[in-house]
Amino acid sequence: MFTPEKPNKSRWRKRNIEGRARVKSKTRRNLGHSYRDFKGRQRESKVLGPPCQCKKNCRQLLQETASTIFHAFWDLNSYDEQNTYLFSTVKVIPKKRSYKKKTKRAESARRVTNQYFVKVNGVDIQICKTEFLSVHGLQNSSKRLKLIAQQIVEGRTTPKRDGRGKHQNRPNKISAERVQSVHDHIKAIPKYVSHYSRKVNPNRVFLNHDLNISTLYKDYYVEWCKERGIAPVKEDRYRRIVCSDYNIGFKLPKSDTCHTCDFLNNQMEANKENLEEFNEFKTQLQLHQTRALAMQDSLKKEVSDNAKNSTCIISFDLQQTLPTPSLTVGPAFYLRKAWTYNLGIHDCVTGKGSMFLWAETTAKRGREVKRLQASC
């Protein structure tokens with residue numbers, strides 16, 4: 001496998017909302033399957049209801065499509081989509097007649113008549129309410145149909161979205177301004193991308209290893225908010241934002257990468273759909289890695305063969321760049337650090353090593369490395 005899996009863009013793992021027990025129960029309920037409610041009670045699955053006993057004999061009008069209508073309705077797997085379907089099958093018309101009641105009320109309170117339709121072979125067939133509820137497995141949910149009819153009477157063109165369990169009464173909700181203050185503070189902190197771990201952590205950035213989230217909050221964020229007159233969030237919320245929205249590390253990375261490997265891996269990732277291009281870059285990567293292994297084996301063989309000779313075998317390695325100075329106090333924390341470079345020179349035969357240290361104010365790393373290689 002030559003293309004590593006991309007890591008998450010945050011420190012924490014993503015929440016598996018679909019795997020929660022309540023969400024699973026809700027999904028099964030919307031599908032009409034048996035489920036266990038939040039109180040632990042077992043609810044039976046929805047079934048096709050018995051035929052009505054009206055004069056029209058509505059079940060025969062359906063021409064053996066009752067089961068198809070039932071399964072198509074519950075396969076929608078969404079309370080809102082099911083309501084949209086019900087909304088389109090119910091028609092409300094003014095009542096045509098009324099009868100004098102024997103009660104004190106002189107006139108009936110009913111103002112409209114509801115008509116219920118289902119499609120059979122592309123044709124709308126009117127059926128009674130009892131059969132409509134039975135064929136959709138709603139024989140115990142007549143109130144749901146009543147609410148749909150009320151919305152039609154109100155003049156709505158689409159049904160209301162499911163509002164069960166939803167509200168806006170959140171007195172302890174943190175304001176958007178305070179949440180934004182956390183993001184602004186994190187963006188103000190100088191960060192760096194590691195040259196040594198871009199392959200396995202392409203989205204990870206690093207801060208000084210002397211810091212941690214608690215130190216950032218107590219020593220920097222709180223003071224930062226006081227200077228700007230903003231009420232700081234609690235440390236727990238600060239930690240949640242840092243870990244959920246950012247991929248920040250506080251220690252020095254330990255892995256190095258190869259420019260050619262990174263380039264070929266990126267090309268393979270970008271040409272997944274083009275099989276010919278993908279295989280070409282894959283072949284180049286395999287050849288490159290084979291050559292690298294061959295060079296390592298050759299170096300080991302040369303060292304072994306010249307262990308008793310006077311031949312020198314020298315290797316160079318530019319080690320990890322270090323930010324200087326390493327300060328975590330005061331305004332200097334927010335300023336850009338100067339980079340310090342360290343070139344290691346290793347005698348593979350004797351096992352002795354030498355280090356050459358310089359700052360970026362003296363020269364860039366490429367210029368000094370070339371000068372040292374030329375002098376050798």
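What follows is a walk through the overall make-up, helix packing, salt bridges and a few individual residues of this predicted model.

Because the model is predicted, local features are taken up only at pLDDT of at least 70 and side-chain atom pairs only at pLDDT 80 or more, while totals for chains, interfaces and linings use all residues. Numbering runs from 1 along each chain as its sequence is written, and side-chain values rest on heavy atoms, with hydrogens and water left out.

Starting with the broad view, the secondary structure comes to 12 helices and 11 strands; helices (H or I, at least four residues) and strands (E, at least two) are DSSP runs, numbered from the N terminus. The protein has 376 residues, of which 32% count as buried. Here buried means under 20% relative accessible area, exposed means over 50%, and partly exposed is in between, using a 1.4 Å probe and protein chains only. As for contacts (heavy atoms within 4.5 Å), take those with a separation of 6 or more: residues 24 or more positions apart account for 61% of them.

Among the helices, α11 covers residues 275-305, so to speak a run of 31 residues, and spans 44 Å from its first C-alpha to its last. That is close to the 45 Å expected at 1.5 Å a residue, where the expected span is 1.5 Å times one less than the number of residues. Buried positions in α11 include Phe278, Phe281, Leu285 and Val303.

Helix α8 (residues 213-228) turns up in two packing pairs. Axes are lines fitted to C-alpha atoms, for helices over the stretch in contact, and angles run from 0 to 180 degrees between N-to-C directions. With α9, the axes of α8 are 10 Å apart and the angle is about 120 degrees. The two are therefore oblique to each other, given that angles under 35 degrees count as roughly parallel, over 145 as roughly antiparallel, 65 to 115 as roughly perpendicular and the rest as oblique. The crossing of α8 and α9 is right-handed, a label used when the near helix is turned clockwise from the far one by less than a right angle, with anticlockwise giving left-handed. On the α8 side the contact involves Ile213, Ser214, Leu216, Tyr217, Lys218 and Tyr221, and on the α9 side Glu235, Tyr238, Arg239, Val242 and Cys243.

The other partner of α8 is α7 (residues 176-188), whose axis comes within 11 Å of that of α8 and crosses at roughly 115 degrees. This crossing, too, is right-handed. From α7, Arg178, Ser181, Val182, Asp184 and His185 take part, meeting Leu216, Tyr220, Tyr221, Trp224 and Cys225 of α8. Leu216 and Tyr221 thus show up in both sets of α8 contacts.

On to charges: there are 9 salt bridges, each one a side-chain nitrogen of Lys or Arg within 4 Å of a carboxyl oxygen of Asp or Glu. One of them joins Arg43 to Asp37, with the closest N and O atoms 3.4 Å apart. Arg43 is partly exposed at 33% relative accessible area, whereas Asp37 is buried at 13%. Both belong to a salt-bridge network that also takes in Arg41. Another bridge pairs Lys119 with Asp124 at 3.0 Å, N to O; Lys119 is exposed at 55% and Asp124 partly exposed at 43%. Within α9 (residues 235-245), Arg240 bridges Asp236 at 3.2 Å, N to O. These two sit 4 residues apart in that helix, which means about one helical turn between them. Arg240 and Asp236 are partly exposed, at 44% and 48% respectively.

Two asparagines stand out for their backbone. Most residues other than glycine have a negative phi. Asn57, though, has a positive phi of about 55 degrees; it lies in the loop between β2 (42-43) and α2 (58-61) and is partly exposed at 32%. Asn121 likewise has a positive phi, near 55 degrees. Its place is the loop between β4 (112-120) and β5 (123-127), and Asn121 is exposed at 65%.

A further asparagine, Asn342, is found in strand β10 (residues 338-347) and is buried, at 14% relative accessible area. Setting aside neighbours within four places in sequence, Asn342 touches Asp317, Leu318, Gln319, Met355, Phe356 and Leu357.
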